[in-house]
Amino acid sequence: MKKFLMILILASLTSTCFAFKEPDPERWEEIGGNDKLTVWIDKETLMINTEKSQQSEHCGHTYVTTWFIQHKHDEKGHNLVKVEADLNCRTLDFRYVAQCDENGEVTESQEAPRRNPTSVLPNTVGEAMILAIEDKKKAKESFW
Ligand SMILES: [Zn+2]
């Protein structure tokens, strides 16, 4: 019985691992993660803005918005996440999250009702995300 259970557990572990299909590398670049999570950045949707309102404390700050894929290793699907980064304040704001199943179909999605920027902590996935955003911004600017 124990042996049977062990085989069952192993089978479910491997099927979980192989059910996730890596995103198209032409579009999505793997930027890092940790033992629970892997993250990819979208190379095509980067938008760069500068805060122009004199009233804003962020006047002159550079905002970059783009999409990420986050895959938790113990799940078959993935999340598509729209993130706005303030490169001067080094904050990330998760604006939209869509949960996708193993076939890439959206099962649930939610737009953030208001801005909620949070500081990026050193040595975290968030830091890998903001570094990737800075990298892609530079690449886009030197391209033009
Ligand atoms: Zn700012």
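**View 1. In the hairpin of β5 and β6, with 4 residues between the strands, arginine 90 takes a positive phi near 50°.** We're looking at a predicted model here: local features need a pLDDT of at least 70, side-chain atom pairs count only at pLDDT 80 or more, and totals for chains, interfaces and linings use all residues. Residue numbers start from 1 along each chain as its sequence is written. Helices (H or I, at least four residues) and strands (E, at least two) are DSSP runs, numbered from the N terminus. Arginine 90 isn't a glycine, despite that phi, and its place is the loop between β5 (78-86) and β6 (91-100). Arginine 90 counts as partly exposed because it has 15 C-beta neighbours inside 10 Å. For the record, a residue is buried if 20 or more other C-beta atoms lie within 10 Å of its own, exposed if 12 or fewer, and partly exposed in between, with C-beta atoms placed from the backbone.

**View 2. The whole protein chain, for orientation.** Count 2 helices and 8 strands, running α-β-β-β-β-β-β-β-β-α from the N terminus on. Buried residues make up 15% of the 144 residues. Two residues are in contact if their C-beta atoms, placed from the backbone, lie within 7 Å. Among contacts with a separation of 6 or more, 47% come from residues 24 or more positions apart. As for confidence, pLDDT is the predictor's own score for each residue, from 0 to 100. The chain averages 89, with 86% of the residues scoring at least 70. Take helix α1 (residues 2-19) with a pinch of salt: confidence is lowest there, at a mean of 55, while β8 has the highest, at 98.

**View 3. β6 and its strand partners.** Strands pair if DSSP finds at least two bridges between them. β5 and β6 do this in the antiparallel sense over 9 bridges, and β6 joins β7, also antiparallel, through 5 bridges. β6 and β8 make an antiparallel pair too, over 2 bridges, and there threonine 91 has serine 119 of β8 as its bridge partner. On the β7 side, valine 97 stands opposite glutamine 110 and alanine 98 faces serine 109. The hairpin of β6 and β7 has 5 residues between the strands, with glycine 104 at a positive phi near 85°. β7 (residues 106-111) lies largely in the open, because the number buried among its 6 residues is 0.

**View 4. Valine 83 and lysine 82, side by side in the sequence.** Valine 83 has phenylalanine 94 in β6 as its bridge partner. Leaving out residues up to four places away in sequence, valine 83 touches Thr66, Phe68, Leu92, Asp93, Phe94, Arg95 and Met129. Lysine 82 sits in strand β5 and counts as partly exposed, because it has 18 C-beta neighbours inside 10 Å. With neighbours within four places in sequence set aside, lysine 82 is in contact with Thr65, Trp67, Arg95 and Tyr96. Its C-alpha atom is 9.0 Å from that of isoleucine 69, 13 residues apart along the chain.

**View 5. The largest nonpolar core.** A nonpolar core here is a set of buried Ala, Val, Leu, Ile, Met, Phe, Trp, Tyr and Cys residues joined through C-beta atoms within 7 Å. This one has 13 residues, and Val39, Trp40, Phe68, Val83 and Met129 touch the most other members. The elements giving two or more residues to this core are β2, β4, β5 and α2.

**View 6. Helix α2 and its two faces.** Buried in α2 are Met129, Ala132, Ile133 and Lys136. They sit on the same side of the helix, because they cover an arc of only 105° around the axis, where the arc is that of the directions from the helix axis to the C-beta atoms. An α-helix has 3.6 residues a turn, so residues three or four places apart point the same way. The buried residues of α2 pack against β1 (28-33), β2 (37-42), β4 (62-72), β5 and β6. Flip to the face turned away from that side and you meet the exposed Lys138, Glu141 and Ser142. The length checks out as well: at 1.5 Å a residue, the 19 residues of α2 should span 27 Å, and the end C-alpha atoms are 27 Å apart. That expected span is 1.5 Å times one less than the number of residues.

**View 7. Asparagine 123, just ahead of α2.** Asparagine 123 lies in the loop between β8 (118-119) and α2 (125-143). Though not a glycine, asparagine 123 has a positive phi of about 60°. It counts as exposed, because it has 8 C-beta neighbours inside 10 Å.
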